[in-house]
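User: Could you walk me through the labels used for this model, and show how each follows from its definition?

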Amino acid sequence: MVFDSHLDTPSELLRGRDLFSSRQDQQVDLSKMKKGGVHAAFFALYTPAETRADAATRHALEMAGAVSSFVRQAADSVAWAFTPQDVRKNLSEGRISILLGMENGSPIQESMELLEAFYALGVRYLTLTHNGDNALADSAAEGKRWGGLSPFGREVVARMNQLGMMVDLSHASDQTFWDCIDLSRSPIVATHSCCRALCGHRRNLTDDMLKALAEKDGYVGINFYPYFLVDDPQRRRPGVCEIVDHIDHAVSICGDQHVGIGTDFDGIEVTPEGMENIGCLPLVFDEMRHRGYTEKQISLIGGENLLSVFDRIVKCSE
Ligand SMILES: [Zn+2]
């Protein structure tokens with residue numbers, strides 16, 4: 001199974017991307033998703049840190065509308081999924097599941113009702129921050145405003161636990177990460193993050209963080225952004241091997257049940273060598289096979305682990 005925990009395609013849809021065309025410069029479109037063997041993907045409603053208040057809410061709603069319009073037009077090939085069961089049902093019917101995530105909590109402003117409204121629209125994870133501290137929490141890029149989660153952010157995490165919404169700590173500051181580990185009663189996820197042991201970027205997770213994530217029965221989706229894969233991508237452009245190096249490392253710390261892929265396609269301006277779009281995904285699985293992963297492990301890491309953590313988070317809410 002192939003289930004990508006992070007695509008930034010909604011931003012492109014809002015800019016007019018036609019997912020029915022298969023232009024070479026598009027990282028994601030329908031034919032490339034099929035070629036990549038993708039069964040399900042989270043489409044992230046990404047709001048830039050500088051877009052605030054009502055403008056942020058409007059931006060997120062417009063992206064949700066753009067995704068909705070795509071799902072309706074592509075009903076032969078794709079279908080909404082709001083629950084793990086939806087993903088399984090769509091899989092059995094041969095349709096690609098589209099799920100909504102939200103990247104950056106700014107569209108909910110400081111309103112629990114807006115959080116509930118986005119959940120009602122189908123949003124199933126919230127990446128608490130992007131590259132800027134917000135009303136919920138500190139980000140990895142700044143990390144100065146609250147010293148981790150804000151008081152409102154703590155309420156949001158508690159409500160997300162009740163709703164069965166995934167708390168996504170990609171982009172969070174280290175202290176926000178540890179606050180959520182302490183506070184959340186459900187597993188937590190990092191939908192598109194790499195390993196700091198292999199690349200020192202502050203967006204990446206330390207071995208202690210990876211261990212804590214696994215102990216909490218959570219999930220990390222390995223990001224394909226060259227700047228998170230190697231320290232100096234201009235000197236050494238990473239490729240498929242470096243992606244699988246991060247998978248290897250995460251598996252060595254977390255075991256094979258807590259690691260997946262969160263490619264970040266459509267959110268990255270440069271791609272690894274040979275991994276220019278989502279249609280190239282099978283090359284990652286080929287490299288894993290070559291390194292001795294079993295077919296079962298490839299299916300776990302390719303997507304089943306993400307579906308399982310979604311299951312566990314929904315069950316924790318009941
Ligand atoms: Zn991101």
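**Labels and their cut-offs**

User: What makes D264 count as buried?

Analyst: D264 has 26 other C-beta atoms within 10 Å. A residue is buried if 20 or more other C-beta atoms lie within 10 Å of its own, exposed if 12 or fewer, and partly exposed in between, with C-beta atoms placed from the backbone. With 26 set against that cut-off of 20, D264 is therefore buried. Do keep in mind that this is a predicted model, where local features need pLDDT of at least 70 and side-chain atom pairs count only at pLDDT 80 or more, while totals for chains, interfaces and linings use all residues. Residue numbers start from 1 along each chain as its sequence is written.

User: Where does D264 lie, and what is its phi?

Analyst: D264 belongs to the loop between β9 (259-261) and α11 (282-290); helices (H or I, at least four residues) and strands (E, at least two) are DSSP runs, numbered from the N terminus. Its phi is near 75°, a positive value in a residue other than glycine. Most residues other than glycine have a negative phi. H171 also has a positive phi, of about 80°, and is not a glycine. H171 sits in the loop between β6 (166-168) and α7 (174-183), and it counts as buried because it has 24 C-beta neighbours inside 10 Å.

User: Why are E110 and E273 called partly exposed?

Analyst: Both counts fall in between the two limits. E110 has 15 other C-beta atoms within 10 Å, so it is partly exposed. E273 has 13, so it is partly exposed as well. E110 is in the loop between β4 and α5, and E273 is in the loop between β9 and α11.

User: Which residues does E273 touch?

Analyst: Leaving out residues up to four places away in sequence, E273 touches R237, P238 and G239. A contact requires the C-beta atoms of two residues, placed from the backbone, to lie within 7 Å. On the same basis, E110 touches A135 and F152.

User: How do you know that the span of α10 agrees with the expected one?

Analyst: The expected span of a helix is 1.5 Å times one less than its number of residues. The 15 residues of α10 (240-254) should therefore span 21 Å, and its end C-alpha atoms are 21 Å apart, so the two agree. Helix α3 (53-73), with 21 residues, reaches 31 Å from its first C-alpha to its last, close to the 30 Å expected.

User: What makes α10 largely enclosed by the rest of the structure?

Analyst: It is described that way because 11 of its 15 residues are buried. Among them are V240, I243, H246, A250 and C254. Elements covering these buried residues include α8 (207-215), β8 (219-222), α9 (226-229) and α12 (295-317). Just after α10, G255 takes a positive phi of about 80°.

User: Which residues touch the most other members of the largest nonpolar core?

Analyst: They are L210, V220 and A250, in a core of 100 residues. The largest share of this core, 8 residues, comes from α10. A nonpolar core is a set of buried Ala, Val, Leu, Ile, Met, Phe, Trp, Tyr and Cys residues joined through C-beta atoms within 7 Å. Beyond its neighbours within four places in sequence, A250 is in contact with C195, L210, V220, I222 and V259. L213, which lies in α8, is buried because 27 other C-beta atoms lie within 10 Å. Its contacts outside the nearest four places in sequence include V220 and C254.

User: What handedness does the crossing of α5 and α6 have?

Analyst: The crossing is right-handed, the label given when the near helix is turned clockwise from the far one by less than a right angle; anticlockwise would make it left-handed. The two helices, α5 (112-121) and α6 (151-163), pack at an angle of about 30° with their axes 11 Å apart. Axes are lines fitted to C-alpha atoms, for helices over the stretch in contact, and angles run from 0 to 180 degrees between N-to-C directions. M112, L115 and Y119 in α5 meet E155, V156, R159 and L163 in α6.
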